[in-house]
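I opened my notebook today to look through a protein model piece by piece. Come along and check each entry against the picture.

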Amino acid sequence: MTDVNRIKKVRTRAQLIVCAWVFNALFPAQELRDCGKDPESSGLSVKLHDEAVLTHWKAVIKGPKGTPYEGGSFAVDIHLPDDYPFVPPKMKFETKVWHPNISSESGAICLDILKNEWSPALTVRTALISLQALMSAPEPDDPQDAVVADMYKKDKAQFEGTAKFWTETYATETSGDEQVK
Ligand code: CO
């Protein structure tokens with residue numbers, strides 16, 4: 001290989017690395033801006049978890065009205081994997097929540113679009129909107145937390161009372177910042 005070719009090759013590679021870096025840096029930033037644009041009307045707010053890492057976000061979902069989660073603010077930890085948006089974002093609740101499709105211990109979420117129903121056309125925002133909808137309409141037949149799902153099916157009043165108590169205990173400003181481990 002001639003020196004000229006070698007220099008060209010190195011330069012091309014450097015350009016590719018810079019392009020990839022710029023794309024990765026801009027793409028989540030743009031999505032982050034869209035995501036948090038109307039916190040009042042959407043009940044969603046999103047920010048970087050830590051200023052230095054553009055792929056680690058923190059969202060806060062307001063508990064939907066007319067549900068046992070009303071009045072609560074629920075923090076969701078979001079990681080965008082390297083292959084995002086070709087693979088779904090990794091999301092879990094940081095605030096403890098009593099819900100059939102969310103683990104009461106780990107905050108893990110059972111939601112089809114965060115798994116096999118994910119499509120690159122979806123965004124973190126659409127996933128958060130689906131999470132809000134899931135909070136309003138649990139799917140106890142596809143549970144993440146079997147104990148909660150069982151209570152939901154067998155004793156709705158007890159479920160609602162417990163979910164409301166957890167909201168007041170863990171998801172309101174006066175409940176401090178106790179979070180799932
Ligand atoms: Co995290």
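**Notebook: a sheet and its surroundings**

I started with a pair of residues: W57 has I78 in β3 as its bridge partner. I kept in mind that this is a predicted model.

**Entry on the strands**

I looked up how β2 and β3 go together. Strand β2 covers residues 56-62, strand β3 covers residues 73-79, and the two pair in the antiparallel sense over 7 bridges. I noted another pair of partners here: A59 is matched with V76 in β3.

Next I asked myself: how many bridges join β1 to β2? I found 5 bridges, with the two strands running antiparallel. Here I met W57 of β2 again, this time standing opposite L48.

**Entry on the whole sheet**

I then stepped back to see the sheet. It is an open sheet of 4 strands, in the order β1-β2-β3-β4, with antiparallel pairing. Why is one side of β1 and of β4 left without a neighbour in the sheet? I worked out that β1 (44-48) and β4 (90-93) stand at the edges and have a single partner strand each, so one side of each has no neighbour there. I also wrote down the turn between neighbouring strands, which is 25 degrees on average, direction ignored.

I looked for what packs on this sheet and found helix α3, residues 124-136. Helix α3 touches β1, β2, β3 and β4, and its direction makes about 35 degrees with that of β2.

A reminder to myself about strands: in a regular one, side chains alternate between the two faces of the sheet.

**Entry on E31**

I went to helix α1 (residues 3-35), where E31 is found. Is E31 buried or exposed? Its relative accessible area is 9%, and the cut-off for buried is under 20%, so E31 counts as buried. Leaving out residues up to four places away in sequence, I listed W57, Y84, T123, V124 and R125 as what E31 touches. I was glad to see W57 turn up in this list too. I also checked E31 against T123: they are 92 residues apart in sequence, yet their C-alpha atoms are 7.8 Å apart in space.

**Entry on S103**

My last stop was the loop between β4 and α3, where S103 is found. With 13% relative accessibility, S103 counts as buried. I found a polar atom of the S103 side chain 2.9 Å from the backbone nitrogen of S106. Setting aside neighbours within four places in sequence, I noted that S103 is in contact with A108, Q144 and D145.

Definitions and conventions. Residues numbered from 1 in each chain as written. Predicted model: local features only at pLDDT ≥ 70, side-chain atom pairs only at ≥ 80, totals over all residues. Heavy atoms only, no water. Pairing = 2+ DSSP bridges. Axes fitted to C-alpha atoms, helices over the stretch in contact; angles between N-to-C directions. Contact = heavy atoms within 4.5 Å. Buried < 20%, exposed > 50% of the residue type's maximum accessible area, 1.4 Å probe, protein only. Polar contact = N/O pair within 3.5 Å; in protein donor to acceptor, adjacent residues only side chain to side chain.
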